[in-house]
Amino acid sequence: MQNDKTISIGLGDITRESRRLAMTITPKTGKWDVIVVGSGAAGGMAAFQLAMAGIKVLVLEAGRMIDTQKEYRTMEWPYASMRRHRMPTDERSIGVAEYNFVDRPYGNHPGFEKYRKLNSYAGNTFTRNWVVNEKENPTTGTPYAGVRARILGGRTNFWGRGALRYGPLEFKAASHDGFDVDWPISYDDVKPYYDKVDILLGCSGTKENLTQVPDGIFQRPSKLNCVEVEFKRAIAKMGRHYIPGRAGVTTEGVLNNKYRTRCMGRGRCGRGCDLHSSFHSPTALIYPARDSGNLTVRPYSIVKEVLLDEGTNRASGVRVIDANTREVMDFKARVVVLGAGALETTRILFNSKSPRYPNGMGNSSGIMGSYLSEHMMGIRGSGFMPTRIGKEPTLDDGRPVPPYIPRFRNVTDRQKDFIRGYHFQGGGGSGEYPGMANQMPGYGKALKSSIRKYYPSMISLGGFGEVLPRKENRIMLDPQVTDAWGIPVLKFDFKFGDNEMKMAKDMAATVEEMLTAAGAESIKVVNDPLPPGWSIHEIGTARMGDDPKASVTDKYCRLHDVKNVYLADASPFVSGGTQNTTWSILAMCWRTMDYLKEQMKAGDA
Amino acid sequence: MGCTVSDLNPPTSSGISRRTALRALGAGAGAAALLPWLSDEGLLAFSELQRRPAPPKPKVIPLAQFGTLEALVEAILPADERSPGARDARVAYYIDLLLSESDEPRRAQWLTGLTALDAEATSRFGVPFGKLDAASTDTLMTAISRNESAPVTPLETFFNITKQATIHGYYTSEIGIHKELRYKGNQMLVDFVGCQTVDGKDCPHCGQKAEI
């Protein structure tokens with residue numbers, strides 16, 4: 001295993017460089033206007049917007065810097081090693097069933113004792129150096145498949161690239177169906193920022209004129225392959241759409257970024273794209289911001305809390321624990337922007353306790369941590385499409401994302417059993433691995449030729465359903481458990497509710513109905529949701545609103561409690577529809593930073 | 001990489017020049033002088049041998065049983081007119097490596113399974129599994145795969161786990177991906193092609209007609 005070049009990829013240089021940066025950047029070595037916590041979609045966009053405006057920014061990243069040349073192994077074949085991309089023997093990722101049945105914290109389970117590192121389910125040979133060790137970073141409470149990455153760029157290094165906009169159905173969801181509250185802002189407030197994000201970062205897609213997934217400023221779309229065209233034609237007769245996937249990937253190139261080039265159709269973006277066509281925060285945002293001369297990145301910086309100046313009721317900075325030396329240091333700035341991801345940002349706020357805010361900064365309303373929402377996944381269907389059974393394979397997977405079935409429930413109709421909706425993502429054709437082979441019966445030439453026969457014809461679709469933002473779905477600090485640095489960890493109290501389970505039933509029925517209409521053979525439907533958290537689309541734990549008694553931030557994602565603390569990630573989102581979250585984080589963050597810049601100019605921050 | 005020299009220059013007994021063979025070997029005139037006794041075809045065969053990595057010794061599975069495993073994986077995914085089988089794809093080495101990193105119960109399960117398979121072959125046909133002729137192999141495979149969806153005997157369970165590992169090992173191998181599946185992706189593309197109906201043509205790959 002020591003000789004396995006897919007395991008030993010040579011991270012010595014980047015680790016040394018990260019340690020050097022951490023050693024040399026101390027509270028005494030610089031003066032910064034704004035501290036940004038995190039370097040993923042939220043932290044990266046915040047840093048970029050501020051640094052480009054001439055504001056001195058310190059980004060605090062809990063993990064190390066990244067060596068994208070070595071770590072983005074985009075085109076590595078499985079046979080690069082006889083171990084076939086199996087994890088090293090001292091590492092393990094949590095299996096899907098284990099989330100529901102193993103006691104929390106997952107890392108304490110005796111069965112995992114022999115592993116040095118326990119990853120969330122998202123840990124694989126390509127991401128394993130980025131996702132956290134669950135043993136060092138425990139969570140407690142109800143089952144939750146949380147995925148955290150401590151590395152420059154965070155989860156954007158391996159995100160799913162789905163680049164969808166929220167529309168009026170999300171921002172005004174309560175007006176639509178009477179549940180909960182609307183966002184305090186509308187699609188028109190955010191639309192210009194979605195447009196800017198599309199132009200800055202590149203978004204591949206097609207104009208469809210559908211309110212449930214508003215159009216953007218698109219670059220060259222990917223095309224549907226043969227099985228997908230067959231499926232599309234069938235469901236069109238049912239009034240449903242099957243559109244090219246919208247991807248946060250530049251297919252035509254972007255201006256003013258020397259680190260990125262356009263997509264060359266290899267697929268495999270989730271390993272990190274070594275052409276940087278896929279949006280990854282390091283090359284798309286952090287490096288250009290650093291080149292402005294206004295950005296300092298300090299790696300290995302675990303932010304424990306936001307510090308409060310009791311006299312002025314303003315944040316004075318943040319307390320950092322160095323991940324390696326465990327040295328505690330306080331960095332000061334005029335403004336603090338938290339962009340650590342909804343869950344970690346909320347945890348930092350909970351841990352920011354003071355006489356004035358004994359339940360955590362931002363939590364005067366008492367609702368912080370509540371309204372955790374995400375997307376229920378797991379309901380899916382698959383089958384074989386007749387026109388491609390027994391044909392020679394074509395190149396079917398050289399694109400950033402598969403096609404997309406936009407939400408078709410509760411858009412113009414009203415379902416009896418449930419409110420809100422769901423969409424499906426997925427496609428088909430010949431992938432690198434014949435996913436259906438393991439279910440083919442028999443042996444010998446018959447087995448081999450039946451795998452060959454069905455290989456080009458596979459189609460598979462997975463649902464994403466809105467989890468209602470409910471007050472009782474929440475996170476809090478665990479009173480006993482701390483992480484490896486002594487910081488209290490999050491405890492989950494989160495369950496799918498009645499609306500979700502009824503929606504799941506409908507998802508299973510409609511996916512089967514569509515595959516049947518398309519004439520698919522050997523249709524298989526999975527009825528059970530994946531564990532909560534699986535979508536990695538968590539939102540809402542510090543929701544925005546006009547009323548400080550019922551919300552954590554104002555409509556500019558600024559804490560009601562403390563006026564110079566801003567949230568850049570999805571924690572202030574009120575409801576999250578069915579759309580993948582990242583593009584909305586980027587757009588909302590840009591909007592928040594524009595507001596912050598105005599406040600700083602006016603001397604109000 | 002998927003595309004080897006031999007794919008680009010398929011060896012034919014008639015069409016190959018000595019220079020091509022030497023280039024394939026990566027050798028200059030000096031090497032040619034050292035190999036004067038080889039015909040052009042022989043030289044190419046020699047170059048093939050040079051490129052092929054030396055087979056590693058099994059780490060866990062005793063050599064006698066390794067032959068049984070090779071025969072079993074080949075019986076599951078055999079060579080046919082389209083592509084080599086699991087033996088040439090070195091699936092047995094993949095499984096051996098997997099076992100070398102597995103815990104003791106899992107290793108024992110495989111070694112016991114191989115022993116049981118040989119015992120079954122010997123009791124039925126008088127020779128171990130690796131020595132069976134095609135018809136006897138088929139008879140035995142039919143027997144142990146009979147209850148695939150709900151295996152009853154240890155041998156039936158052993159068939160299932162070997163089959164799953166063989167499928168994974170084979171379709172992640174160079175042979176499985178390129179020769180058998182003829183997978184075409186993971187390369188630099190100017191444009192993703194897709195179904196040709198998207199471009200308003202009748203598609204030769206699926207037979208669907210352009211939309212009018």
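# Exercises on a two-chain predicted model

From the N terminus on, the elements of chain B run α-α-α-α-α-α-α-α-α-α. This is a predicted model, where local features need pLDDT of at least 70, side-chain atom pairs count only at pLDDT 80 or more, and totals for chains, interfaces and linings use all residues. Residues are numbered from 1 along each chain as its sequence is written, while chains are lettered from A and ligands numbered from 1 in the order in which they are written.

## Exercise 1: chain B as a whole

Find how many helices and strands chain B has, and what percentage of its residues is buried.

**Step 1.** Get the rule for elements: helices (H or I, at least four residues) and strands (E, at least two) are DSSP runs, numbered from the N terminus. Chain B then has 10 helices and zero strands.

**Step 2.** Now burial: a residue is buried if 20 or more other C-beta atoms lie within 10 Å of its own, exposed if 12 or fewer, and partly exposed in between, with C-beta atoms placed from the backbone. Of the 212 residues in chain B, 34% are buried.

**Step 3.** Contacts come next: two residues touch if their C-beta atoms, placed from the backbone, lie within 7 Å. Take the contacts in chain B with a separation of 6 or more, and 51% of them link residues 24 or more positions apart.

## Exercise 2: helix 9 of chain B

Check the span of helix 9 of chain B, then list its buried residues and what covers them.

**Step 1.** The expected span is 1.5 Å times one less than the number of residues. For the 18 residues of helix 9 of chain B that gives 26 Å, and the end C-alpha atoms are 26 Å apart, so the two agree.

**Step 2.** The buried residues of this helix are B:F158, B:F159, B:T162, B:K163, B:A165, B:T166, B:I167, B:H168, B:G169, B:Y170 and B:Y171.

**Step 3.** Their cover includes helix 5, helix 6, helix 7 (104-125), helix 8 (134-144) and helix 10 of chain B.

## Exercise 3: two crossings in chain B

Describe how helix 6 of chain B crosses helix 9 and helix 5 of chain B.

**Step 1.** Axes are lines fitted to C-alpha atoms, for helices over the stretch in contact, and angles run from 0 to 180 degrees between N-to-C directions. The axes of helix 6 (residues 91-100) and helix 9 (residues 154-171) of chain B come within 9 Å and cross at roughly 115°. That makes helix 6 of chain B roughly perpendicular to helix 9 of chain B (under 35 degrees is roughly parallel, over 145 roughly antiparallel, 65 to 115 roughly perpendicular, the rest oblique).

**Step 2.** Who touches whom? Helix 6 of chain B brings B:V91, B:Y94, B:I95 and B:L98, and helix 9 of chain B brings B:A165, B:T166, B:G169 and B:Y170. Sorted by class, this contact has six nonpolar, two polar and no charged residues (Ala, Val, Leu, Ile, Met, Phe, Trp, Tyr, Cys and Pro are nonpolar, Asp, Glu, Lys and Arg charged, and the others, Gly among them, polar).

**Step 3.** The axes of helix 5 and helix 6 of chain B also come within 9 Å, crossing at roughly 120°. That makes helix 5 of chain B oblique to helix 6 of chain B. Here B:F66, B:L69, B:E70 and B:V73 of helix 5 meet B:V91, B:A92 and B:I95 of helix 6, which adds up to six nonpolar, no polar and one charged.

## Exercise 4: where the chains meet

Work out what each chain gives to the contact between them.

**Step 1.** Chain B gives 43 residues and chain A gives 44.

**Step 2.** On the side of chain B that touches chain A, helix 5 (63-76), helix 6, helix 9 and helix 10 (174-180) each give two or more residues. The largest share, five residues, comes from helix 9 of chain B.

**Step 3.** That side of chain B divides into 21 nonpolar, 13 polar and nine charged residues.

## Exercise 5: backbone oddities in chain A

Find the cis peptide bond, then say whether A:N256 is buried or exposed.

**Step 1.** Most residues other than glycine have a negative phi, and most peptide bonds are trans. A cis peptide bond joins A:R104 and A:P105, with omega about -15°. A:P105 sits in the loop between helix 4 (96-101) and strand 4 (117-119) of chain A.

**Step 2.** A:N256 has a positive phi, near 60°, and belongs to the loop between helix 8 (226-236) and helix 9 of chain A. It has 8 C-beta neighbours inside 10 Å, so A:N256 counts as exposed.
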